[in-house]
There are 2 protein chains.
Amino acid sequence: MSTVDVVRAYYESWQGGPAAYDQARLRGLLADDIAFEGPLAGKVTGAEAVLPGIERFVGTVRSLRMLQLVCGGDEAAAVYDCELAAPSGVFRFAEFFRVGDGKIQQLRLLFDTVEFRKLAARSQAA
Amino acid sequence: MSTVDVVRAYYESWQGGPAAYDQARLRGLLADDIAFEGPLAGKVTGAEAVLPGIERFVGTVRSLRMLQLVCGGDEAAAVYDCELAAPSGVFRFAEFFRVGDGKIQQLRLLFDTVEFRKLAARSQAA
């Protein structure tokens, strides 16, 4: 699969939220030793360590609207809006990929954590 | 200029911070009717409206480390770490570009606003 095919398949596997989530397809797109980096999780290495975080997020996804998907060589970047259940609302995300051997080797996630930190604080206080 | 040349020139114009800032070069890279969107400023249209926001940011830049610059056709995306004076520290940013006629026609900026909102609140309280 080309870089753009891998990245499109990644979003297809989870963008429909929990009812449409395809775990086997998503797992097959992550390199065993994938290097992930995000604003809350920090650096996480390995598909088995990365997958639970993605799945917690997918559990809150209601819909995804892709704004730009840029691909060049073995790299790609996506910016999209997700409607979420918790925190409730529409939030913007960016992901930067390196793809090799038909799998995602590196994934950097960016988003504004303000509402996510509030939700976590409320959960801890409850 | 190609898409990658425009985007590289954009970063070259301001990544050195205030001492090396090249206002004329930066302004020449922004389409007159550029469409900007960022997490604090929201949607801003037009180079004359966008430039002051970029310049306030550039005033705090100490250095920039590019992590990935992805280019495909007339689109590009960059993720980078900036060392800033205020808020003080290293912060990650993503920008997504559409380029046409050798200028940036559209620019979407993403970053985690947590520390920036704290700084703004302190400034207002002072």
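This is a short guided tour of a predicted model, with a suggestion at each stop of what to select and a note on what is there.

**Stop 1: where the two chains meet**

Start by colouring chain A and chain B separately, then show the residues where they touch. Chain A gives 27 residues to this contact, and chain B gives 27 residues as well. Between them the chains bury about 2100 Å², and 59% of that area lies on carbon and sulfur atoms. Which residues of chain B lose the most area to chain A? Select B:Gln68, B:Phe96 and B:Leu110: together they make up 30% of what that side buries.

**Stop 2: polar links across the contact**

Stay at the meeting of the chains and turn on side chains. There are 10 residue pairs in polar contact between chain B and chain A, counting pairs with both residues at pLDDT 80 or more. To see which parts of chain B are involved in touching chain A, colour β3 (61-72), β4 (75-84), β5 (89-100), β6 (103-111) and α4 (114-125) of chain B; these are the elements that give two or more residues to that side. By kind, the residues on that side of chain B divide into 16 nonpolar, four polar and seven charged.

**Stop 3: a buried arginine in chain B**

Now select B:Arg108, which you will find in strand β6 of chain B. Is B:Arg108 buried or exposed? It counts as buried, because its relative accessibility is 10%, under the 20% cut-off. Its side chain reaches the side chain of A:Gln68 in a polar contact of 2.9 Å. Next, show what surrounds B:Arg108, leaving aside neighbours within four places in sequence. From chain A, its contacts are A:Leu67, A:Gln68, A:Val79 and A:Arg92. From chain B, they are B:Glu37, B:Ala94, B:Glu95 and B:Phe96.

**Stop 4: salt bridges between the chains**

Here is a general idea to carry along: side chains of opposite charge can pair when their charged atoms come close. Chain B and chain A have four salt bridges between them. For one of them, select A:Glu37 and B:Arg92, whose side chains meet at 3.3 Å, N to O. For another, select B:Arg117 and A:Asp112, where the N to O distance is 3.8 Å. This second pair runs from helix α4 of chain B, home of B:Arg117, to the loop between β6 and α4 of chain A, where A:Asp112 sits. B:Arg117 is partly exposed, at a relative accessible area of 39%.

Which residues do shared salt-bridge partners join into one network? Select A:Glu37, A:Arg108, B:Arg65, B:Asp81 and B:Arg92 together to see it.

**Stop 5: salt bridges inside chain A**

Keep A:Glu37 selected and add A:Arg108. These two form a salt bridge, with their closest N and O atoms 3.9 Å apart. The pair links distant parts of the chain: A:Glu37 is in strand β1 (residues 30-38), A:Arg108 is in strand β6 (residues 103-111), and 71 residues separate them. A:Glu37 is buried at 18% relative accessibility, and A:Arg108 is buried at 10%.

Next, move to A:Arg25 and A:Glu12, whose side chains meet in a salt bridge of 2.9 Å, N to O. A:Arg25 belongs to helix α2 (residues 23-29) and A:Glu12 to helix α1 (residues 3-14), 13 residues apart in chain A. A:Arg25 is partly exposed at 36% relative accessibility, and A:Glu12 is partly exposed at 43%. Over all chains, the count comes to 20 salt bridges.

**Stop 6: the cysteines**

How many disulfides does the structure hold over all chains? The count is zero. Select A:Cys71 and B:Cys71 to see why: the sulfur of A:Cys71 is 12 Å from the closest cysteine sulfur, that of B:Cys71, which is too far for a bond. A:Cys71 is partly exposed, with a relative accessible area of 24%, and B:Cys71 is partly exposed at 24% too.

**Stop 7: an alanine on a helix**

Finish with A:Ala120, in helix α4 (residues 114-125) of chain A. It is partly exposed, with a relative accessible area of 36%. Draw a distance from its C-alpha atom to that of A:Pro87, and you should find 9.3 Å, although the two are 33 residues apart along the chain.

Note on methods
Residues numbered from 1 in each chain as written. Chains lettered and ligands numbered in written order. Predicted model: local features only at pLDDT ≥ 70, side-chain atom pairs only at ≥ 80, totals over all residues. Heavy atoms only, no water. Helix = DSSP H or I, 4+ residues; strand = E, 2+ residues; numbered from the N terminus. Buried < 20%, exposed > 50% of the residue type's maximum accessible area, 1.4 Å probe, protein only. Contact = heavy atoms within 4.5 Å. Buried area = accessible area lost by both parts, 1.4 Å probe. Polar contact = N/O pair within 3.5 Å; in protein donor to acceptor, adjacent residues only side chain to side chain. Nonpolar A, V, L, I, M, F, W, Y, C, P; charged D, E, K, R; others polar. Disulfide = S-S within 2.5 Å.
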